[in-house]
Amino acid sequence: MSSVYLNNIRMKRESKSFIDSLYAVLTAAGLFEGPKYRLSGLTGMAFKFAVHERLLPLSVTAYGQWGLEHAAAIDNLGLLTISDGGRTRHLTFRRYQQEAIRWIKQSLDRGVGLIYWILEFGVIHGYDDEDGVFFIQDGWSQEDHIVLYDNLGLNVTPFWCVEMIGEKVDMPIDEQVLESVRSAIHDWQTPFKLLPDREIASGKLAYDFFIQALRSGNFDEAGARYILDSYRYARYEIRDYLSEVKELWPELAEAHMYYEELGHHIADLSFDHSGGGIQEMIEKLAAAAQLEDRSVGQFSKLSARYADPSRTIATRWITHSAR
Amino acid sequence: MSNTHRIQWFDQQIREARYPNSNHLAERFEISKRQAQRDIEYMAASLRAPLLYDAKRRGYSYNDSAYVLPHLFMSEDEKRVLRYLVHRYSQYDYDNADTTRRVARLLDRFTDESESEQYDRLPMFNADPRLMQLVLLLTEAIKHSYAVRLVYEGEQLTIQPTRLLTRYNDEYVAAYCDNGQEQRQFRLSSIAYAVMVGQTTATAATAAAVNPAACLDESGAPSRKPFTAKVRLRQPIDRGGTWDGFAATCLDDASLLYGVDFYDMNMFLRHLMMSDWEELLAPKWLREKLRLHCSDVLTRLDKER
């Protein structure tokens, strides 16, 4: 009967819930130093922007297949990550759950917290065998969520997800930055990341969805507010991130300028005032989309200057053959 | 209807592919074979069960596995769930809304009432317990025409709720505000605090009595298990009963030790603050939460002096 309670983990909701959780876990384990926007930028998570056609609040976390998105994001930091998840209705769920309980405890024994899907992401930072519970932070409340081992993975959504962080290797910063902007280009240019679902758009098309919904007036108000707040926070993160790395390449300096301007446009976007508010909001969002499009143009220019072996479409037998 | 339990058993046997026949039924319930045969006829004729006699297996099966026994077998709880679904579906306004409303009307016929009474106590779903508590409070207020004082997005208001609405993912309450005749809609998730005006009895106990039916999972996921607290009480509770709404099982008769199940921690903590008990033995985290809460209250009380 053992128990672990990692006191040094303190999650705070500011950015995307996944970044907030990752930041809390990594900083507590000494695997990342620096401000949150840097983490959000280097992982490319700040660039991810998805919008449901009715502006449902789920948009904020529906930026793709988590397994792919998060693995690539964390990989870019030079960190090992292993995740598990799936549908709770699957008959094998209980088996995976029991296995997950084992490795979650192992990670906590090592002193590293885990990222866990509550309804958005949170952090598992302790367990107690005697009561059979995990202690989980959601970043909003000071108090822990208590989750029975038997209830691990069960939430109001039909799926579960846990992400573990492992050891780190050093990666040159310019490689990380280059990869982060390449992931930004990919996010911006991919219209639907959750195909066959076409109700949630990503990147450039997400702006169109946002504007269309506002124009029609047929949208979820709470969701719209949440998407807007999250969107704005992410743009500020990108701005601050680019300001830090703009010395590396002139293209980044130009993109930073666009994001500076974008920041002014979206600073006072809000649903609080009625009347002409929505029309004004639509205009500002359209302007922001253009600025972001120009920034991504700069990113593409930069990306084209360097070889990108991980995304090349030229068939090379070494990378394509299992021999 | 005295044959209900027999028909339910027969139905279950068929579903388990045991191919029951009138002999089995007669044996199981110690009734005559004739009576058993009448039950089966009743199922086929009145309940429209698609019964198919399999001569090889000498028993019945269903021709159409989608068949379910009709509403006369529905318990009160199930009816309430259905009424809630009717309410949700009829307010649904997204894609396939027409179909959904048609389903709502269809379900409505099963609720066995000329018009669905929405403002009965609602069943609990796999939802935020706080929100459900709010729904209970508001339905109660609507039913008895009580005013409700609430804090909505930082604004303190007294409202006269008229009905509950559902749009997309959100629940709203439509109400008249105290400052005029204007009717407004308030999003439930933005209500920080609500209390009924003119009613003093706490509704905590009644709310607690509603099982947050985690077992009612529409997606087919495994049901959520409750936390269990070990509590030593001062007075015994009725056998198989509840401790003011929380399901309790006796662990030790002599020392009045009970295992009390609960789903929502805050609701149970509130209950512990209000009711009479001797000792809280487990779980540790609950003791810790209660201790923190109490010391917090004490600190505040001391500050007031």
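Which residues of helix H3 (residues 66–75) of chain A are buried? The legends below start there and then move on to other close-ups of this predicted model.

**View 1. The buried side of helix H3 in chain A.** Trp66(A), Glu69(A), His70(A), Ala73(A) and Ile74(A) are the buried residues of this helix, which runs over residues 66–75. They lie on the same side of H3(A), because the arc they cover around the axis is only 115°. Several elements of chain A take part in covering them, including the helices H1 (17–28) and H5 (173–189). Strands contribute to this cover too: E3 (79–87), E4 (114–117), E5 (121–128) and E8 (159–168) of chain A are among the covering elements. For the wider setting, chain A has ten helices and nine strands, and 56% of its 323 residues count as buried. Take the contacts in chain A between residues at least 6 apart in sequence: 70% of them join residues at least 24 apart.

**View 2. An aromatic cluster that includes Trp66(A).** Trp66(A), which we just met as a buried residue of H3(A), also belongs to a cluster held together by ring pairs. Its partners in the cluster are Phe18(A), Trp117(A), Phe121(A) and Phe159(A). Over all chains, the structure contains 28 aromatic pairs.

**View 3. The ring pair Phe192(A) and Phe209(A).** Here the ring centres are 6.3 Å apart and the planes meet at 65°, so this pair is edge-to-face. The two residues come from distant parts of the chain, 17 residues apart. Phe192(A) sits in the loop between H5 and strand E9 (200–202) of chain A, while Phe209(A) belongs to helix H6 (residues 203–216) of chain A. Both rings come from buried residues: Phe192(A) has a relative accessible area of 17%, and Phe209(A) has 11%.

**View 4. The ring pair Trp9(B) and Phe29(B).** Moving to chain B, we find an edge-to-face pair with 5.6 Å from centre to centre and 85° between the planes. This pair also links distant parts of its chain, joining helix H1 (residues 4–15) of chain B, home of Trp9(B), to helix H2 (residues 22–29) of chain B, home of Phe29(B). The two residues are 20 residues apart. Trp9(B) is buried at 13% relative accessible area, whereas Phe29(B) is partly exposed at 22%.

**View 5. The second largest pocket and its lining.** If you like to look at pockets, this one offers about 580 Å³ of space. Its lining is made of 26 residues, and Asn76(A), Glu179(A), Ser183(A), Ser310(A) and Arg311(A) lie nearest the centre. H3 and H5 of chain A are the elements that give two or more residues to this lining. H5(A) supplies the largest share, with nine residues. Sorted by class, the lining of this pocket holds eleven charged, nine nonpolar and six polar residues.

**View 6. Arg234(B) and its contacts from further along the chain.** Arg234(B) is in the loop between strand E8 (227–232) and strand E9 (242–243) of chain B. With a relative accessible area of 45%, Arg234(B) is partly exposed. Setting aside neighbours within four places in sequence, Arg234(B) touches Leu256(B), Asp276(B), Trp277(B) and Glu278(B). One of these, Leu256(B), is 22 residues away along the chain, and its C-alpha atom lies 7.2 Å from that of Arg234(B).

Conventions
Residues are numbered from 1 along each chain as its sequence is written. Chains are lettered from A and ligands numbered from 1 in the order in which they are written. This is a predicted model: local features need pLDDT of at least 70, side-chain atom pairs count only at pLDDT 80 or more; totals for chains, interfaces and linings use all residues. Side-chain values use heavy atoms; hydrogens and water are left out. Buried means under 20% relative accessible area, exposed over 50%, partly exposed in between (1.4 Å probe, protein chains only). Helices (H or I, at least four residues) and strands (E, at least two) are DSSP runs, numbered from the N terminus. The arc is that of the directions from the helix axis to the C-beta atoms. Contact means heavy atoms within 4.5 Å. On a 1 Å grid over the protein atoms alone, a cavity is a set of points where a 1.4 Å probe fits but cannot get out, and a pocket is an open set with protein on both sides within 12 Å along at least five of seven lines; lining residues have an atom within 4 Å of a point. Grid points are joined across faces, edges and corners, and a volume is the space filled by probe spheres set on the points. Ala, Val, Leu, Ile, Met, Phe, Trp, Tyr, Cys and Pro count as nonpolar, Asp, Glu, Lys and Arg as charged, and the others, Gly among them, as polar. Rings of Phe, Tyr and Trp (its six-membered ring) pair if their centres lie within 6.5 Å; planes under 30 degrees apart count as stacked, over 60 as edge-to-face and the rest as tilted.
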